[in-house]
Amino acid sequence: MKAFISPTHDVPWPGNAMIRGLLKQHHDRAERSIEILAALKDDLRLDCQFVPRAAERPVELFEVHAPDYLHYLETAWDEWSKAPEASFEVRPYITTNRYFPTLRTHIPVTLAGKYLGDGGSPLVQDAWSNMNGSVDAAVAAADAIIAGERSAYALLRPAGHHAMRDLAMGGCHIANTAIAAQRLAKRFGRVAVLDIDVHHGNGTQQIFYDRDDVLTVSLHGKPETLFPFICGYADETGTGAGEGYNCNLPMEGGTAISGYLGPFDHALERIKDFAPGMLVVAAGFDTFRHDPFGNLDIDTADYALLGDRIAQLGLPTLFVQEGGYKVDTLRANVNSLVEGYLKRQGA
Ligand SMILES: [Zn+2]
């Protein structure tokens with residue numbers, strides 16, 4: 001397995017996130033990446049490639065996201081910061097709503113409400129550059145799989161699985177996992193995305209919701225208990241040609257590995273039945289029992305079991321970094337998942 005390290009994996013994210021109504025320092029800390037890199041480089045001794053900035057944006061960025069949204073992400077901070085006494089982060093404080101569903105003025109304050117979908121997704125200076133660093137790593141790792149690598153790991157920040165076609169959510173602005181899957185679908189025809197982050201992969205779901213060439217499967221804490229709260233139900237199964245190609249497996253809070261493996265094996269069965277050419281794993285570690293943003297009860301050793309079962313699918317596999325916020329255990333948890341995967345793959 002090769003690891004692809006984003007050029008922006010360790011840049012600080014100086015923004016805040018609103019958690020239960022309180023503004024707190026954003027939880028996507030640079031230390032997360034430093035711990036994960038230690039697992040990939042020092043513990044697992046993977047061939048770690050530090051990805052340079054790509055000269056051009058990949059076409060899949062424009063296939064996955066709407067052009068007006070990308071233009072907004074690129075220009076928003078500059079426009080916002082021209083206002084006197086503007087905050088250092090772009091943060092919505094008015095949104096369209098059921099009485100005023102149509103935006104009639106396109107000024108920084110209304111555009112923030114249109115494109116930034118919650119209190120945890122502010123834009124800060126250099127945010128566009130940072131999020132494109134994530135894209136560069138995801139694309140480089142996908143290209144390695146296309147070139148014949150059996151498996152790859154894309155270490156990147158910020159993550160992407162909450163980012164929708166034209167709406168930022170959950171600290172995610174650009175859908176790295178979906179961009180990789182889109183690129184890989186051109187080579188492999190059918191691609192499966194297995195999202196094991198504790199939060200519903202709502203962005204990946206939406207982007208492929210009407211397609212039958214990309215199966216999206218998400219295991220997560222049920223919406224009544226965890227972000228995004230408004231989606232991730234089992235009856236969200238796809239639409240049009242995509243009907244039956246989205247699978248949500250929401251779980252009760254407190255679920256430990258004994259309860260997790262049933263839905264997990266069900267997810268793997270769905271993937272087997274789909275018979276994809278390769279697999280993308282949206283690799284979040286906030287299922288860990290002590291994660292401050294999760295509510296499941298998965299332990300470090302359990303991740304090896306998951307890695308082992310993923311490897312049993314026998315598919316080329318790309319792991320793309322998503323969440324995981326218990327910083328001092330990220331290294332051990334990443335190590336466990338990847339080691340479990342590699343042991344089986346080598347067997
Ligand atoms: Zn998460």
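1. In this predicted model, the element that gives the most to the lining of the largest pocket is β2, with 3 residues. The pocket itself holds about 650 Å³ of space, and 35 residues line it, of which Ile19, His27, His199, Phe227 and Phe293 lie nearest its centre.

2. One of those central residues, His199, also belongs to the zinc site, where the ion is coordinated by Asp197 through two OD entries, by His199 through ND1 and by Asp286 through OD, at 2.0 to 2.8 Å. Along the chain, these donors of the zinc ion follow the spacing D-x1-H-x86-D. Asp197 sits in the loop between β6 (191-195) and α7 (202-207), while Asp286 sits in the loop between β9 (278-283) and α9 (300-311), so the pair ties together parts that are 89 residues apart in sequence.

3. The geometry of the site deserves a careful reading, because the 4 donor atoms around the zinc ion subtend angles of 52 to 152 degrees, which makes the arrangement irregular. As a reference, the ideal angle for four tetrahedral donors at a metal is 109.5 degrees. A tetrahedral label would require all angles to lie between 85 and 135 degrees, and the range of 52 to 152 degrees therefore does not satisfy that rule.

4. Both aspartates of the site are buried: Asp197 has a relative accessible area of 1%, and Asp286 has a relative accessibility of 0%.

5. The enclosed space should be considered separately from the pocket. The count comes to 1 cavity of 30 Å³ or more, and the largest cavity has a volume of about 50 Å³. Its lining is formed by Val193, Asp195, His200, Gly201, Thr204, Gln205, Thr216, Val217, Ser218, Asn246 and Asn248. The elements that give two or more residues to this lining are β6, α7, β7 (214-221) and β8 (246-251), and β7 gives the most, with 3 residues. Two of these elements, β6 and α7, are also those that bound the loop holding Asp197.

6. Thr8 may also merit inspection. This residue lies in the loop between β1 (2-5) and β2 (16-19), and Thr8 is buried, with a relative accessible area of 3%. The side chain of Thr8 reaches the backbone oxygen of Asn130 at 2.9 Å. When neighbours within four places in sequence are left aside, Thr8 is in contact with Arg53, Ser129, Asn130, Gly133, Ser134 and Arg157, so that Asn130 appears both among these contacts and as the residue whose backbone oxygen the side chain of Thr8 reaches.

Definitions and conventions. Residues are numbered from 1 along each chain as its sequence is written. This is a predicted model: local features need pLDDT of at least 70, side-chain atom pairs count only at pLDDT 80 or more; totals for chains, interfaces and linings use all residues. Side-chain values use heavy atoms; hydrogens and water are left out. Donors are N, O and S atoms within 2.8 Å of the metal (3.2 Å for Na, K and Ca); water is not among the atoms, so sites may look incomplete. Four donors count as tetrahedral if all angles lie between 85 and 135 degrees; four count as square planar and six as octahedral if opposite donors are over 155 degrees apart and all others between 65 and 115; anything else is irregular. Helices (H or I, at least four residues) and strands (E, at least two) are DSSP runs, numbered from the N terminus. Buried means under 20% relative accessible area, exposed over 50%, partly exposed in between (1.4 Å probe, protein chains only). A polar contact is a pair of N or O atoms within 3.5 Å; within protein, one must be able to donate a hydrogen and the other to accept it, and residues adjacent in sequence count only if both atoms are side-chain atoms. Contact means heavy atoms within 4.5 Å. On a 1 Å grid over the protein atoms alone, a cavity is a set of points where a 1.4 Å probe fits but cannot get out, and a pocket is an open set with protein on both sides within 12 Å along at least five of seven lines; lining residues have an atom within 4 Å of a point. Grid points are joined across faces, edges and corners, and a volume is the space filled by probe spheres set on the points.
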